[in-house]
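I opened a fresh page for this chain. The plan is to look up a few residues and then step back to the whole.

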Amino acid sequence: MLRNREIMILLTAMCIICIASCIAAAAFFSFKTALFTLFTSGLLIVCSLLFTCWRYREIEKLSSYLRQITSGNYSLDVRDNQEGELSILKNDIYKVTLMLSEQKSLLKRDKVLLTDAISDISHQLKTPLTSMLMMADLLNDAKLPVVKRTEFIHSIRLQLERMEWLVSSLLKLSKIDAGTVEFKKDRITVKKLIEKSVEAVMIPMDIKEQMLSIEGEEKASFIGDLNWTCEAIINILKNCVEHTPTGGAISISFSENVLFTEILITDNGEGIPKEDIPYIFNRFYKGKNAGEDSVGIGLAMAHSIIKSQNGDIHVKSKQNKGTQFQLKFYKQIV
């Protein structure tokens, strides 16, 4: 401590003041007064040094604590319930320690999710790649019938389109997760949003002879991004079309109140098993009723898009009775 330049300056200043006070006391009062002043000043200097020494020890403890934190040890507790600047500093450092511990846990979880995602992506891409490699080898056969050649070429094209969709969807999800997507904040009329979304599923609905009904308040609207929200609703509608039998029905209703704008998308299809409901918005999750070509990205993307726009999505379903998706877009709080 005494090697500290600031302490040496302080100690020198206090000694000079002490000597000057003793000389002044002897000159203006008496020798006894000078001795008393010297004794009192000496005690004050000693008390000051002891207090400074104590603070240095506490600071050294905090320094040691911080070194352990940088080494990855977040289990130490430095909290202090006493009054004073050091106690406040200790409590603030402990709060930062908790935040760092939470960040470490989140990073660890993200690494696990990334590893799982890469594994899932590899699995999803491996199957069509293997299939295309086999068909490419068969196409090299000059004796291959024209019908089979055409069939293989068509199959390869379908697999490539599926892979393109998978990669495109994963890129969109990654951008949303990373927070790099700038969602527009336009006034969206729900009727216009639904009409635009339905266009993408009209052909598969016609093929399966499914009925569609739309009803809602003409002026219902909310603040959001039309194209991204349309992407979310299309993915939900595709799920409904896929799991609703031929001749089934899908209904869309919407309304607005002082708190939120609500969109309900309901089908009378096969429904979702109860044990699958908590996980259907998880990326790459495939439920019991999932089709062979299902990847488990569509609903995950819809969930991310809606959540990113001050919204919420819930699902209610009963097996063999149908499924209902409830979308809520909350009013912006100023």
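Is F260 buried or exposed? I found F260 buried, at a relative accessible area of 14%, which is below the 20% cut-off for that class. The model is predicted, so I keep that in mind for every entry below.

Entry, aromatic pairs. I counted 3 aromatic pairs in the structure. I looked up the one formed by F260 and Y330: the ring centres are 5.7 Å apart and the planes stand at 70°, so I logged the pair as edge-to-face. F260 belongs to strand β5 (residues 260–267) and Y330 to strand β7 (residues 322–330), so the pair ties together parts that lie 70 residues apart in sequence. I then checked the partner ring. Y330 is partly exposed, with a relative accessible area of 34%.

Entry, S317. I placed S317 in strand β6 (residues 311–318). Is S317 buried or exposed? It counts as buried, at 17% relative accessibility. Next I followed its side chain. A polar atom of the S317 side chain lies 2.7 Å from the backbone nitrogen of I272. The S317 side chain also reaches the backbone oxygen of G322, at 3.2 Å. Leaving aside residues up to four places away in sequence, I listed what S317 touches: G271, I272, I277, G322 and T323.

Entry, cavities. I found 2 cavities of 30 Å³ or more. The largest has a volume of about 50 Å³. Which residues line the largest cavity? I noted N239, C240, H243, D267, G269, E270, G271, I272, T323 and F325. The elements giving two or more residues to that lining are α7 (226–242) and β7. I cross-checked this against the S317 entry: G271, I272 and T323 are among the lining residues, and S317 touches G271, I272 and T323.

Entry, whole chain. I counted 8 helices and 7 strands in the secondary structure. How much of the chain is buried? Of the 334 residues, 34% are buried. I looked at contacts with a separation of 6 or more, and 67% of them join residues 24 or more positions apart. The chain exposes about 21,800 Å², and carbon and sulfur atoms supply 60% of that area.

Closing note. I have two links on record for later reading: the edge-to-face pair of F260 and Y330, and the S317 side chain with the backbone of I272 and of G322.

Note on methods. Residues are numbered from 1 along each chain as its sequence is written. This is a predicted model: local features need pLDDT of at least 70, side-chain atom pairs count only at pLDDT 80 or more; totals for chains, interfaces and linings use all residues. Side-chain values use heavy atoms; hydrogens and water are left out. Rings of Phe, Tyr and Trp (its six-membered ring) pair if their centres lie within 6.5 Å; planes under 30 degrees apart count as stacked, over 60 as edge-to-face and the rest as tilted. Helices (H or I, at least four residues) and strands (E, at least two) are DSSP runs, numbered from the N terminus. Buried means under 20% relative accessible area, exposed over 50%, partly exposed in between (1.4 Å probe, protein chains only). A polar contact is a pair of N or O atoms within 3.5 Å; within protein, one must be able to donate a hydrogen and the other to accept it, and residues adjacent in sequence count only if both atoms are side-chain atoms. Contact means heavy atoms within 4.5 Å. Accessible areas come from the Shrake-Rupley method with a 1.4 Å probe; for residues, only the protein chains shown count as cover. On a 1 Å grid over the protein atoms alone, a cavity is a set of points where a 1.4 Å probe fits but cannot get out, and a pocket is an open set with protein on both sides within 12 Å along at least five of seven lines; lining residues have an atom within 4 Å of a point. Grid points are joined across faces, edges and corners, and a volume is the space filled by probe spheres set on the points.
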